[in-house]
Amino acid sequence: MNQAASSSEHDPASDAAQAFRARGALLKRMADVVCLPSSRVNAFERSMTADLLVDMLREAEPDERKKVARRLSTLTEIPASLVRLLLRDHVDVAEELLIECPSLSDADLLDCIRLTDLEHRRLVALRRGVNEVVCDVLIEFGEIIVIECLLKNDLARLSNAAVEAIVALTRGDTRLTAALLRRSELRPAHAYVLFWWADAETRRTILQRFAVSREVLQEATGDIFALAAAEGWQDPLSRKALQFIERRQRNRAAIDKSPFDSLEAAVAAAQDGLTREIAEEISYLSGLKPMTGAKIFTDPGGEPLAILCKATGLPRQALRALWRGLKRPETEDSGALSQALERVMTTYDMIAVDRAQTVLRYWNWSLTSALTPALLRAIRDGDEDGVDEYSAPQRAAMLALSKEFGR
């Protein structure tokens with residue numbers, strides 16, 4: 001009796017196990033149908049199967065969804081409804097496609113980026129060949145971990161706007177700096193802005209890599225200086241460009257209006273205390289606008305002082321005089337040269353005159369001529385929506401001067 005009764009009873013656990021086995025087999029077969037080549041299944045059958053599969057996967061277990069995602073990751077074309085569902089799933093499900101599937105479209109990736117979380121975005125950043133459009137949207141979130149992955153991904157392609165955005169982020173997080181410096185997309189325009197808030201080692205790297213000679217430009221445009229002079233330097237566009245290219249750094253015309261007989265005399269006066277008036281005169285005599293000079297004299301690291309002195313032909317003693325005029329310590333308690341001054345002196349020694357002039361002129365160009373009323377408004381208001389309206393030096397100024405304008 002007991003034996004008969006036990007044989008007639010249903011075991012719910014056994015039924016559930018059988019059902020789950022059936023479900024697993026069904027999901028696999030349906031995924032197989034979706035994966036069939038077009039010679040075996042037409043587009044409508046594939047789409048119908050995908051719709052049914054999506055409906056099942058919504059209620060399936062994570063492990064089951066993961067198996068389907070792994071099966072589909074080898075396809076060159078996956079039904080859009082399946083892609084959307086699986087990419088928005090838990091990261092351990094989505095990663096089967098994000099890492100392994102090369103055929104995901106930009107639309108698929110952008111949908112995933114915007115509607116999921118940081119870990120999904122990190123996996124997107126690790127994909128082979130992430131293009132500029134996808135990189136731009138990833139960077140918009142400002143997630144340092146994700147951006148680090150992008151920078152270390154040699155096959156990711158960064159737009160100019162993306163590099164500028166990352167340069168701006170380095171001001172608040174130095175973790176990005178080392179990886180950014182290794183990117184081939186980084187240009188002098190970016191590096192010279194990054195310089196202002198970089199540490200000593202990064203500054204040295206920037207100067208070694210981006211402080212380039214203008215020799216080729218000078219040879220190519222040598223005869224144009226005479227043409228511009230014959231026209232009385234009336235064209236502001238050519239005048240600005242030629243000022244960047246020319247070999248002479250000092251402004252000879254400024255001496256006639258200056259209370260000092262020479263740049264050396266102004267520097268000598270500065271060592272007793274660098275006043276605003278003397279700083280402006282040194283700027284004018286050096287061929288700089290006062291704003292550029294102010295940026296150089298107030299820089300806490302001091303390396304820009306070395307660039308200024310080397311570019312204008314001032315000796316090492318002049319650099320030390322400016323250091324003294326800024327009331328910065330020259331020696332340690334032991335009597336040895338202070339580490340900061342020694343570092344600045346090393347910068348002076350390591351850079352050639354022409355290369356120092358390139359850096360100095362780029363600063364002067366980007367930090368002054370670029371400051372149109374529209375740019376000043378953008379700096380004050382934090383309005384970067386119209387950044388494409390600005391030229392390269394204008395965007396450089398926006399980044400470098402944002403702090404000065406209370407951004």
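Which residue lies over the face of Trp 196, and at what distance from the ring centre? Select Lys 295: it lies over that face, 5.3 Å from the ring centre. A charge counts as sitting over a ring if NZ of Lys or CZ of Arg is within 6 Å of the ring centre and within 35 degrees of the ring normal.

Before you click on, some housekeeping. This is a predicted model, where local features need pLDDT of at least 70 and side-chain atom pairs count only at pLDDT 80 or more, while totals for chains, interfaces and linings use all residues. Residues are numbered from 1 along each chain as its sequence is written, and side-chain values use heavy atoms, with hydrogens and water left out.

**Zoomed out**

Colour by secondary structure and you get 27 helices and zero strands. Those are DSSP runs numbered from the N terminus, helices being H or I with at least four residues and strands E with at least two. Of the 407 residues in the chain, 46% are buried, meaning under 20% relative accessible area with a 1.4 Å probe and protein chains only (over 50% is exposed, in between is partly exposed). Now think about contacts, meaning heavy atoms within 4.5 Å. Among those in the chain with a separation of 6 or more, 63% are between residues 24 or more positions apart.

**Stop one: the aromatic cluster**

Back to Trp 196, and add Phe 195 and Trp 363: together the three form one aromatic cluster. Rings of Phe, Tyr and Trp (its six-membered ring) pair if their centres lie within 6.5 Å; planes under 30 degrees apart are stacked, over 60 edge-to-face, and the rest tilted. By this rule the count comes to four aromatic pairs. One of them is Phe 195 with Trp 196, edge-to-face at 6.2 Å centre to centre with 90° between the planes. Phe 195 is buried at 0% relative accessibility, and Trp 196 is buried at 8%.

Next, look at Trp 196 with Trp 363: this pair is tilted, 4.5 Å centre to centre and 40° between the planes. Trp 196 is in the loop between α13 (188–194) and α14 (200–210) while Trp 363 is in helix α25 (residues 353–369), so the pair ties together parts 167 residues apart in sequence. Trp 363 is buried too, like Trp 196.

**Stop two: Ile 307**

From Trp 363, step across to Ile 307 in helix α22 (residues 303–311). Ile 307 is buried, with 0% relative accessibility. Setting aside neighbours within four places in sequence, its contacts include Leu 207, Val 359, Leu 360 and Trp 363. For a distance check, pick Asp 349: its C-alpha is 9.9 Å from that of Ile 307, with their positions 42 residues apart in sequence.

**Stop three: α23 against α24**

Asp 349 also takes part in a helix contact. Show Arg 316, Leu 319, Arg 320 and Trp 323 in α23, which meet α24 residues including Leu 341, Val 344, Tyr 348 and Asp 349.

**Last stop: Glu 143**

Go to the loop between α9 (132–140) and α10 (144–152), where you'll find Glu 143. Glu 143 is buried, with a relative accessible area of 14%. Beyond neighbours within four places in sequence, Glu 143 is in contact with Leu 118 and Arg 121. Keep Arg 121 selected and add Phe 141: Arg 121 lies over the face of that ring, 4.0 Å from the ring centre.
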